[in-house]
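This report describes selected local features of the structure shown below. The topics are aromatic contacts, charged groups, a helix and its surroundings, and the backbone.

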Amino acid sequence: MAGLTAHQRYLFDLRGFIILRSIVSPGDVKAARDAIAANMNRFCERKGNLRNACRDTFKGDTRGRLDCGTMLDWDKPHCDVFRRFLAIPKLAPIINELCGKGFRLDHMPLAILQYRNSEGFDLHGGNLDENGVWMQDLSYDCRFGRISCNLLNVSIQLDKTNKGDGGFVIVPGSHKANFPLPDNLAECSDELTEEHDYLVNPAMEPGDVCIFSEAATHGALPWRGQSESRQTLFYRYCPPNFGYGRAYVDRFKNLEEELSPAERVVLQAPFTNRLDRLHLDENGEVGITPRSEAKKAFDREVFHSEYF
């Protein structure tokens, strides 16, 4: 399987996001939706100071977004589809290209649910914080023809979204911004967004995948689509030797025996490829970047360990 096409690569570098159509089968979309319906008691509503939306454009009604991050631990068969999403073969070469061979899952997967007219999420993320300081943890770079994303969001769509329905929005090109987002633009009033056309609410079908750099400023408008709710899954990946979240310290180890070899690969802790790191190749199969036995033997003498 190939990575991004030339036009996809150009658009991702230009805009900071790309929509990949029909990546997830209708059967897996249904399995994910059925599993969510059977586990709604596990979702937590954002209330009070935990609300995502403070600005008027994003507030919606009195209800907060519903979040759940325990899908990998759900009882069978409900957990199975979310585990399969860890290492989708069609996406492996693309994530290899954007995060590097040996990429790893960083955050625990997250399922979000917005009821109609409930809150969205103020614009956040971005290349710079509100003080203009570079956000290295989220950063995007492209040098000598190679893209590198320190945090990449692979967002799986479970509902149809038309332009103007609300839900996910993004500021194209903001992953390369050199100035912080001005407060009036962050408000995203109808007047400003219509005049300057800086906010995109992409149309997506169930099974589509939106891949975006977390260095791109993004958020969510209150949901106003045809379905009663909007359901989306976030799987966030990073380079092999980088870590943002801490789930790999304890949570991931508890899952390893129940996962396929490909699924286990993306749950590795952060360390460089040249230290016998497993990776997914261009076909989604497990490979390894081997370290020589002579070097490991020497490290055992020096460090009393195969790896420094």
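## Aromatic pairs

A residue counts as buried when its relative accessible area is under 20%, as exposed when that value is over 50%, and as partly exposed in between. The model discussed here is predicted. By the cut-off just given, tryptophan 74 is buried, because its relative accessibility is 2%. Phenylalanine 82 is likewise buried, with a relative accessible area of 0%.

A pair of aromatic rings is described by the distance of the centres and the angle of the planes. The whole structure contains 7 aromatic pairs. One of them joins tryptophan 74 and phenylalanine 82 in an edge-to-face arrangement, with 5.4 Å from centre to centre and 85° between the planes. In the pair of phenylalanine 303 and phenylalanine 308, the ring centres are 6.4 Å apart and the planes stand at 55°, so this pair is tilted. Phenylalanine 303 is partly exposed at 46% relative accessibility, and phenylalanine 308 is partly exposed at 49%. Ring pairs also connect Trp74, Phe82, Phe85 and Tyr235 as a cluster.

## Salt bridges

The count of salt bridges comes to 24. Among them is the contact of aspartate 80 with lysine 76, in which the closest N and O atoms are 2.6 Å apart. Aspartate 80 is partly exposed, having a relative accessible area of 21%, whereas lysine 76 is exposed at 56% relative accessibility. Glutamate 306 and arginine 300 form a further salt bridge, with 2.9 Å between the closest N and O atoms. Both of its members are partly exposed: glutamate 306 has a relative accessibility of 32%, and arginine 300 has one of 35%. Arg46, Arg65 and Asp67 belong to one network, joined by salt bridges that share partners.

Which parts of the chain does the pair of lysine 160 and glutamate 205 tie together? The side chains of these two residues meet in a salt bridge with an N to O distance of 2.5 Å. Lysine 160 lies in the loop between β9 (152-157) and β10 (167-170), and glutamate 205 lies in the loop between α7 and β11 (209-213), so the pair ties together parts that are 45 residues apart in sequence. Lysine 160 is partly exposed at 37% relative accessibility, and glutamate 205 is partly exposed at 37%.

## Negative surface patch

Asp190, Glu191, Glu194 and Glu195 form a negative surface patch. Glutamate 194 belongs to helix α7, which covers residues 190-196. The relative accessible area of glutamate 194 is 65%, so this residue is exposed, the cut-off being over 50%.

## Helix α5

Is helix α5 mostly covered or mostly open? Helix α5 spans residues 92-99 and is mostly covered, with 7 of its 8 residues buried. The buried residues of α5 are Ala92, Pro93, Ile94, Ile95, Asn96, Leu98 and Cys99. Glycine 100 comes just after α5 and has a positive phi of about 100°.

## Backbone exceptions

Most residues other than glycine have a negative phi, and most peptide bonds are trans. Where does the backbone depart from these patterns? The peptide bond between lysine 76 and proline 77 is cis, with omega about 5°. Proline 77 is located in the loop between β3 (66-68) and α4 (80-84). Lysine 76 thus takes part in the cis bond as well as in the salt bridge with aspartate 80.

Serine 22 is not a glycine, yet its phi is positive at about 55°. Serine 22 lies in the loop between β1 (17-20) and α2 (26-38), and its relative accessibility of 54% makes it exposed. Asparagine 117, also a residue other than glycine, has a positive phi near 75°. The loop between β5 (110-115) and β6 (121-124) holds asparagine 117, which is partly exposed at 34% relative accessibility.

Key:
Residues are numbered from 1 along each chain as its sequence is written. This is a predicted model: local features need pLDDT of at least 70, side-chain atom pairs count only at pLDDT 80 or more; totals for chains, interfaces and linings use all residues. Side-chain values use heavy atoms; hydrogens and water are left out. Patches are made of residues with over 30% relative accessible area and no salt bridge: like charges are joined within 9 Å, nonpolar side chains (Val, Leu, Ile, Met, Phe, Trp, Tyr) within 5 Å. Accessible areas come from the Shrake-Rupley method with a 1.4 Å probe; for residues, only the protein chains shown count as cover. A salt bridge is a side-chain nitrogen of Lys or Arg within 4 Å of a carboxyl oxygen of Asp or Glu. Lys and Arg count as positive and Asp and Glu as negative; His and the chain ends are not counted. The place of a charge is taken as NZ of Lys, CZ of Arg, CG of Asp or CD of Glu. Helices (H or I, at least four residues) and strands (E, at least two) are DSSP runs, numbered from the N terminus. Buried means under 20% relative accessible area, exposed over 50%, partly exposed in between (1.4 Å probe, protein chains only). Rings of Phe, Tyr and Trp (its six-membered ring) pair if their centres lie within 6.5 Å; planes under 30 degrees apart count as stacked, over 60 as edge-to-face and the rest as tilted.
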